[in-house]
Amino acid sequence: MINLEQMMFFYRLYYADWYIGLYMLINGLLYSSVGTWLGYKVGIKLQQVMGE
């Protein structure tokens with residue numbers, strides 16, 4: 001959380017607000033989609049191990 005606040009502080013010194021918002025939106029969607037995909041794959045493997 002502190003790292004995010006530091007990044008936001010320093011980005012405001014150099015970049016426009018629309019760039020910050022777009023950057024956070026893209027990273028949020030990218031990391032969320034990768035995490036969802038990996039979680040789905042692990043869930044499938046765990047169901048196979050449990051035999052359901």
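How many helices and how many strands are there in the protein?

1. Start with the basics. This is a predicted model, and the protein in it has two helices and zero strands. Going by residue number, α1 covers 2–14 and α2 covers 17–50.

2. Now have a look at α2, and check its length for yourself. It has 34 residues, and at 1.5 Å a residue they should span 50 Å. The end C-alpha atoms of α2 are 48 Å apart, which agrees with that figure. Right after α2 comes G51, and its phi is positive, near 85°.

3. Next, what is tucked away and what is not? Of the protein's 52 residues, 6% count as buried. The accessible surface adds up to about 4900 Å², and carbon and sulfur atoms account for 69% of that.

4. There is a nonpolar patch on the surface, of about 1300 Å². Try finding its members in the structure: L4, M7, Y14, Y15, W18, Y19, L22, Y23, M24, L25, I26 and L29. Both α1 and α2 give two or more residues to this patch, but α2 gives the most, with eight.

5. One patch member to click on is Y14, which sits in helix α1. Is Y14 buried or exposed? Its relative accessibility is 66%, so Y14 counts as exposed, the cut-off for that being over 50%.

Conventions:
Residues numbered from 1 in each chain as written. Predicted model: local features only at pLDDT ≥ 70, side-chain atom pairs only at ≥ 80, totals over all residues. Heavy atoms only, no water. Helix = DSSP H or I, 4+ residues; strand = E, 2+ residues; numbered from the N terminus. Buried < 20%, exposed > 50% of the residue type's maximum accessible area, 1.4 Å probe, protein only. Areas by Shrake-Rupley, 256 points an atom, 1.4 Å probe, with all protein chains shown as cover. Patch = residues over 30% accessible without salt bridge, like charges linked within 9 Å, V, L, I, M, F, W, Y side chains within 5 Å. Salt bridge = Lys/Arg side-chain N within 4 Å of Asp/Glu carboxyl O. Expected span 1.5 Å × (residues − 1).
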